[in-house]
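Take a look at the model below and find the bound ligands. The text that follows walks through their surroundings, one ligand at a time.

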Amino acid sequence: MAIFSSSTRQVPETAAMPRHVAVIMDGNGRWAKKRLLPRAAGHVKGVDMVREMVRACIERDIGYLTLFAFSSENWRRPADEVSLLMQLFVKALEQEVEKLRKNGVRLRVIGDLSRFDPRLQDLIRRAAETTAANDRLALTIAANYGGRWDIMQALNRLAEAMPEGGGTWREADLEPFLAMSFAPEPDLFIRTGGEERISNFLLWQLAYTELYFTATLWPDFTAAEFDRAILSFQQRERRFGRTSEQLTEQPDA
Ligand code: IPE
Ligand code: IPE
Ligand code: MG
């Protein structure tokens, strides 16, 4: 059973502050290049910005933050960059988990973890265990994640759980098997770095999410920039299929 309502089956409750923010943290390489630095320097600065973003979400009472750290397509990058990204991931887990635990952050990593080094897999498991009792902020890192992978793994697990059900499955049957079944669907999606695409991030879950694209590169995405994104979100009219008149006449419809 999904705990949260689905935007396609019910009209979700909305609030001024997004409950769940999902971010494609893009532009690290270009940030470094502009400064004549190696791409690695951009990724290192990118990790600092994750820390800032976590703090900003706690301060703003946002319950869920989901960050795209490594896509299932990022293996196509040069081997040394992939290896650097893995090292940074390991280092961040080693250094940050205790702080996250103390600050009430629950960390989860979603994606196909089987391709990672066993040591990294172990760190991920331990980080999730260490922070499992926290409920101030649900921080989710998408690593070796792809939206299509997510839908397919959910479908395969559903087929295993309900082998007789093929042909009659509904959205609600699939949803508990999706990687983000513990969270409400994102209210606000942010992509930094200027590209206006989803790049195989949360495909199912973004069905009714408000999209915000900014040219600001991820290492420059400060809390003030985040507030601009929230302000843009607050100016949207979320209709979920209804007319504008329905919203003003019958706010509860
Ligand atoms: C995003 O920054 C970080 C990851 C994909 C891991 P990029 O590395 O994609 O930076 P650009 O897009 O080349 O500037
Ligand atoms: C998307 O960024 C993935 C992450 C930020 C982890 P990319 O920079 O890899 O996206 P594309 O390939 O340009 O679409
Ligand atoms: Mg990029």
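Helix α1 gives the most residues to the shell around ligand 1, three of them. Keep in mind that this is a predicted model. In all, 13 residues surround ligand 1. The closest are D26, G29, R30, R39 and R77.

Now sort that shell by class. Three of its residues are nonpolar, five are polar and five are charged.

Next come the polar contacts of ligand 1. In the side chain of R30, an N or O atom lies 2.7 Å from an oxygen atom of the ligand. The side chain of D26 also takes part: one of its N or O atoms is 2.8 Å from an oxygen atom of ligand 1. G27 contributes through its backbone, where a polar atom sits 3.4 Å from an oxygen atom of ligand 1.

How much of ligand 1 does the protein bury? Taken alone, the ligand exposes 380 Å², and the protein buries 87% of that. Which elements give two or more residues to its shell? They are α1 (28-34), α2 (39-59) and α3 (79-102). As for location, ligand 1 sits in the largest pocket.

Move on to ligand 2. The space it takes is the largest pocket as well. Its surroundings are I24, M25, D26, F68, A69, F70, S71, N74, R77, R191, R197 and S199. Look for D26 and R77 in that list; both are also among the closest residues to ligand 1.

Which strand supplies the largest share of the shell around ligand 2? It is β2, residues 64-71, with four residues. By class, the shell around ligand 2 has five nonpolar, three polar and four charged residues.

Side chains make the polar contacts to follow here. Start with S199: an N or O atom of its side chain is 2.6 Å from an oxygen atom of ligand 2. In N74, a polar side-chain atom lies 2.8 Å from an oxygen atom of ligand 2. D26 appears again, with a side-chain N or O atom 3.1 Å from an oxygen atom of ligand 2. On its own, ligand 2 has 390 Å² of accessible area, and the protein covers 78% of it.

Finally, return to D26. Its side chain has an N or O atom 2.8 Å from an oxygen atom of ligand 1, and one 3.1 Å from an oxygen atom of ligand 2.

Definitions and conventions. Residues numbered from 1 in each chain as written. Chains lettered and ligands numbered in written order. Predicted model: local features only at pLDDT ≥ 70, side-chain atom pairs only at ≥ 80, totals over all residues. Heavy atoms only, no water. Near = heavy atom within 4 Å. Polar contact = N/O pair within 3.5 Å; in protein donor to acceptor, adjacent residues only side chain to side chain. Areas by Shrake-Rupley, 256 points an atom, 1.4 Å probe, with all protein chains shown as cover. 1 Å grid on protein atoms, 1.4 Å probe; cavity = no way out; pocket = protein on both sides within 12 Å on 5 of 7 lines; lining within 4 Å. Sits in = over half its atoms within 2 Å of the grid points. Nonpolar A, V, L, I, M, F, W, Y, C, P; charged D, E, K, R; others polar.
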